[in-house]
Structure formats: C-alpha cells, structure tokens
Amino acid sequence: MPRTRRLDAPGAVHHVMVRGVDRTLIFADDVDRSRYLDGLRRMAPEERVRVYAWALMPNHVHLVLRAGPHGISRLMARSGTSHALAFNRRHDRVGHLFQDRFKSILVESDVHLRWLLRYVHRNPVEAGLVPSTRALADHPWTGHRELVGDVAAPLVDRPTVLSWFAPDPVEAAAALAWWMASDDEREPPAPETSAEPELLRAAGEAAVLRAAGALGFDPEEVWRGSRSRPASLARALAVQDLHERGRLSLAQVDRALGLSRGAAR
C-alpha cells in the first residue's frame, strides 16, 4: 500500500513546534529573535502562509499557521535553514541547530483554535519569563502584543484572529485580553460569525487526506465527485472521521466537506 501522505493540505491549520537539538538554545539574544521573525515576515507571505499565533522561547518556537498552496513544509524548511546558518555563523558554532524536523498537530475545530491561541501566547508566562498575562501586552516575543497593541508590520493575521472574538476590532481586543487573563475552563468567547468556516474547510480537507491515504487512493477523486467504490468509501470514512474524531455535528460535517469541495474546484 502506498505511504500515507503528510496531512499538509492547503488551508489546513497547524500548531507547529520547533525545538533546539538536545534542548540547546536557538536564540541567544534579541538579535537572534529579531532576525528569525524578520525571516518569517518575509517568507510567510511568499509562501502564502497565514500566521495566527507565535511565541519565541529560549530553546523552542510555537507557531499556529494556516497552510498556503504548498502546505507549511516549505516555509518551515526555508526559515529553519536560514536561521540555523545565521545563528551558527554569528555564534561560531557548527552542526545541527534544530531537533529533527518540526512537529505539527492539525487544528480541527473553532474552539480548539481559540484555546490554542491562549496556550501559545501564555507560554512565556507559564515559563516564568513574563510576570503576568497583562505584561504580555508589552512583551515583544509573542504575537499577543501584535493583537492588542499598535505594532508596525505584525506577523499575525490580526483582522482574522480578532474576528474570532467579536465583529468590532476594539471589542474583540477587549474580549481577547479577558480570555488571555482568565483561567476559565469553559469555552472561550466567540461572536456569531467566527472562524468556523475556515476551520471546517481545513478539517474537511484533512479528513479526506487521511481517508484517501488509508485506502491508497487519490484524494482528488473525492473532490471531483467520483462515484467509484474507493471514492465513496473515502467519503464515508471522512464523514465518520469528522463526526467521531473531530467531534463535529452532522451539520458541521456537511459544511466541512461542502466547503472543501467548493474550495477545490
């Protein structure tokens, strides 16, 4: 059976983690951090990848990315190679800087995405690098400051992220600030119009990739509406995956696959 394809479909949303080899530092100072961010600001638009959240820690990086036409792998390879070469040259170092390849986890629900936003941006607080969530508004090494402040050339897709919390940007920033400071375990606040369509589309594409990969079948046949037995089985597996694994309602499943089909045409 052919090897299952990596779930790096265009439009899929990923929580990406990059770590230093043997937990070594990948940022020695602010010069290293600034250079890494400058590279992402340049390369992400080139790869048509959207950044929803990010946090730079001493020996690892968290990113929340929406894949472009080429997925996220090319962006991660370019940014990682560029940073490693510059870091080694600047610090008179040789050898690998990063631990293997990056790790990524698919984000398959609207609620999960907003939880992830809080988790990623609170990393420096949890690690004791920043005294409080309030202080994150002035901390330059996460995307939170770009969301709640006036920052030139932000890396995050600020309009999209704020739209997950309220239609009005000022109200959204206030709701986001409350959510970041809260330890409430209930679902995060969300407006009637949220990130659901974008996340459902990504979930549908990922589910079809999983089903087609398990069957050794071309997922494009599913999107083309083929009525062959393999395509029908792949569609059935995708529906079951979204309903059981993704915990989506049947109405959400229908929208996920319908949106994905429309996006693929």
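**Helix pairing, sheet order and two loop residues in a predicted model**

Val31, Asp32, Arg35, Tyr36, Leu40, Met43, Ala44, Glu46 and Glu47 of helix H1 make contact with Arg74, Leu75, Arg78, Ser79, Ser82, His83, Ala86, Phe87 and Arg90 of helix H2. The structure in which these two helices meet is a predicted model. Helix H2 covers residues 73-90, and its axis and that of H1 come within 10 Å, crossing at roughly 155°. An angle over 145° counts as roughly antiparallel, so H1 is roughly antiparallel to H2. The crossing of this pair is right-handed.

Stepping back to the protein chain as a whole, the secondary structure consists of 11 helices and four strands. The chain has 265 residues, of which 49% are buried. Among contacts with a separation of 6 or more, 70% join residues that lie 24 or more positions apart. About 13,400 Å² of the protein chain is exposed, and carbon and sulfur atoms supply 51% of that area.

The four strands form an open sheet, and a reader tracing it will meet them in the order S2-S3-S1-S4, with antiparallel pairing. Strands S2 (50-56) and S4 (103-106) stand at the edges; each has a single partner strand, so one side of each is left without a neighbour in the sheet. Direction ignored, neighbouring strands of the sheet are turned by 15° against each other on average. The pairing of S4 with strand S1 (residues 13-19) is antiparallel and runs over four bridges. Within this part of the sheet, His15 stands opposite Ile105 of S4.

Helices also pack on the sheet. Helix H3, residues 110-121, touches S1, S2, S3 and S4, and its direction makes about 30° with that of S2. Helix H1, introduced above through its partner H2, spans residues 30-47 and lies across S2 and strand S3 (60-66). Relative to S2, helix H1 runs at about 170°.

A closer look at strand S2 brings in Ala53, which has its place there. Its relative accessible area is 1%, and because the limit for a buried residue is under 20%, Ala53 is buried. What surrounds Ala53, once neighbours within four places in sequence are left aside? The residues in contact with Ala53 are His62, Leu63, Val64, Leu117, Val120, His121 and Val156. The C-alpha atom of Ala53 is also separated by 9.0 Å from that of Arg118, a residue 65 positions away along the chain.

Two aspartates in loops deserve a look for their backbone geometry. Most residues other than glycine have a negative phi. Asp22, in the loop between S1 and H1, has instead a positive phi, near 50°. Is Asp22 buried or exposed? Its relative accessibility is 72%, and because the limit for an exposed residue is over 50%, Asp22 counts as exposed. Asp92 sits in the loop between H2 and S4, and its phi is likewise positive, near 50°. With a relative accessibility of 77%, Asp92 counts as exposed.

Terms used. Residues are numbered from 1 along each chain as its sequence is written. This is a predicted model: local features need pLDDT of at least 70, side-chain atom pairs count only at pLDDT 80 or more; totals for chains, interfaces and linings use all residues. Side-chain values use heavy atoms; hydrogens and water are left out. Buried means under 20% relative accessible area, exposed over 50%, partly exposed in between (1.4 Å probe, protein chains only). Contact means heavy atoms within 4.5 Å. Accessible areas come from the Shrake-Rupley method with a 1.4 Å probe; for residues, only the protein chains shown count as cover. Two strands pair if DSSP finds at least two bridges between them. Axes are lines fitted to C-alpha atoms, for helices over the stretch in contact, and angles run from 0 to 180 degrees between N-to-C directions. Angles under 35 degrees count as roughly parallel, over 145 as roughly antiparallel, 65 to 115 as roughly perpendicular and the rest as oblique. A crossing is left-handed if the near helix is turned anticlockwise from the far one by less than a right angle, and right-handed if clockwise.
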